[in-house]
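Hi,

Here is the structure I said I'd send over. Have a look at it first, and then read my notes underneath.

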Amino acid sequence: MLRDNFNRIHDYLRISLTDKCNLRCTYCNPVDLPKGFFAGAPRMTADEIEKIASVFIKEGVKKIRLTGGEPLVRKDAGEIIQRLAKYPVELAITTNGVFVHEFIETFKQAEIRSINVSLDSLKKEKNLLITGRNEFDRVLDNINLLLKNEFHVKVNMVVMKNVNDDEIIDFIAWTQQQPVHVRFIEFMPFTGNRWTNEKVVSHQEILEIISRKFSFSKLPDKINDTAKKYFVKEHKGTFAIISTMTQPFCSGCNRMRLTTDGKMKNCLFSKNETDILGALRKGMDIVPIIKQCLFEKEESLGGQFTTINNNPLVSKINNRSMINIGG
Ligand code: SAM
């Protein structure tokens with residue numbers, strides 16, 4: 001069992017399959033991406049991903065989420081999904097939705113039931129502005145395809161002041177007729193993403209905006225949930241808020257991350273990384289290395305900040321960009 005110094009059991013691993021992405025979302029990609037940013041670094045092969053994942057599973061991991069970059073741009077993404085599907089673990093995926101239609105059968109065979117799709121605007125033009133690519137229709141079609149095939153679809157929407165906060169109500173209206181589970185995410189700071197305190201729309205503000213048009217109730221959350229869930233009566237879908245910046249949920253954290261170059265991060269905001277891939281390639285036993293990394297986990301937010309309300313230096317935190325960590 002993987003337990004940290006604060007007695008938190010860690011049974012959820014997020015694996016980044018790649019740091020490449022076919023979209024250029026402003027909040028995720030570093031500005032001024034240096035030339036050759038994606039080249040050179042060692043990458044976990046499908047074999048190595050399976051080996052490392054199997055060790056984590058033996059140590060008690062019950063859920064693995066594949067992410068990136070965009071996990072589905074990796075050429076052997078289908079093979080990796082099939083390999084991991086053989087293990088006694090709940091498999092999940094976070095995707096921008098663009099290639100979902102090519103993977104529907106793979107998802108079904110792998111018994112993946114829940115898919116997170118990122119969509120930050122219900123307007124085509126604004127989507128183009130945020131993602132830098134004209135894929136809105138494809139993503140919406142693919143969300144509908146997932147719904148038609150009875151997947152549990154969570155839609156991740158990063159809320160940014162004066163960018164898309166005027167659409168919060170439209171997203172809630174969408175849940176009226178469609179069983180989509182919208183998750184409003186507070187904008188988080190990463191290297192190069194031009195985060196400022198002023199651009200964050202807080203959990204409280206999101207609820208206030210929604211309450212102007214809809215009355216809603218709280219749904220129960222589980223101890224490890226990052227999202228606080230709500231529902232509007234008679235809506236087919238639900239909504240939730242991921243409030244990392246104003247109401248962090250570290251006390252119930254059960255998550256670990258593996259970057260595409262095989263570094264373990266014990267927290268999304270950890271400064272330190274542990275080279276699991278390097279150790280595996282040297283033939284070392286990676287279990288004690290994983291345990292040591294977890295033992296060093298800070299109590300909250302990588303020890304880098306507490307909440308935006310009491311730390312003006314939050315924009316100076318030391319971390320990779322989100323695309324390079326694996327969201
Ligand atoms: N390409 C996939 C996608 O678009 O969902 C997976 C990777 S993406 C990094 C994973 C999630 O991180 C997405 O839902 C995205 O919205 C979220 N994300 C990225 N940067 C963020 C930021 N600065 N603040 C909050 N959420 C962010």
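Below is what I found, starting with the ligand and ending with a pair of helices.

Keep in mind that this is a predicted model.

The ligand has 20 residues around it. Gly 69, Glu 70, Ser 118, Asn 156 and Met 188 are the closest of them. By type, the shell splits into 10 polar residues, eight nonpolar and two charged.

Which atoms does the ligand meet in its polar contacts with Met 188, Asn 156 and Thr 95? At Met 188, a backbone N or O atom sits 2.9 Å from a ligand nitrogen. Asn 156 uses its side chain instead: an N or O atom there is 3.0 Å from an oxygen of the ligand. With Thr 95 we're back to the backbone, where an N or O atom lies 3.4 Å from a ligand oxygen.

How much of the ligand does the protein cover? On its own the ligand has 550 Å² of accessible area, and 96% of that is covered by the protein. Four strands each give two or more residues to the shell: E2 (63–68), E3 (90–95), E5 (152–159) and E6 (180–186).

Now for the helices. H1 (residues 46–58) packs with H2 (residues 77–84), their axes 10 Å apart and at an angle of about 25°. Angles under 35 degrees count as roughly parallel, so that is how H1 and H2 run relative to each other. Their crossing is right-handed.

Cheers

Key: Residues are numbered from 1 along each chain as its sequence is written. This is a predicted model: local features need pLDDT of at least 70, side-chain atom pairs count only at pLDDT 80 or more; totals for chains, interfaces and linings use all residues. Side-chain values use heavy atoms; hydrogens and water are left out. A residue is near a molecule or strand if one of its heavy atoms lies within 4 Å of it. A polar contact is a pair of N or O atoms within 3.5 Å; within protein, one must be able to donate a hydrogen and the other to accept it, and residues adjacent in sequence count only if both atoms are side-chain atoms. Accessible areas come from the Shrake-Rupley method with a 1.4 Å probe; for residues, only the protein chains shown count as cover. Ala, Val, Leu, Ile, Met, Phe, Trp, Tyr, Cys and Pro count as nonpolar, Asp, Glu, Lys and Arg as charged, and the others, Gly among them, as polar. Axes are lines fitted to C-alpha atoms, for helices over the stretch in contact, and angles run from 0 to 180 degrees between N-to-C directions. Angles under 35 degrees count as roughly parallel, over 145 as roughly antiparallel, 65 to 115 as roughly perpendicular and the rest as oblique. A crossing is left-handed if the near helix is turned anticlockwise from the far one by less than a right angle, and right-handed if clockwise.
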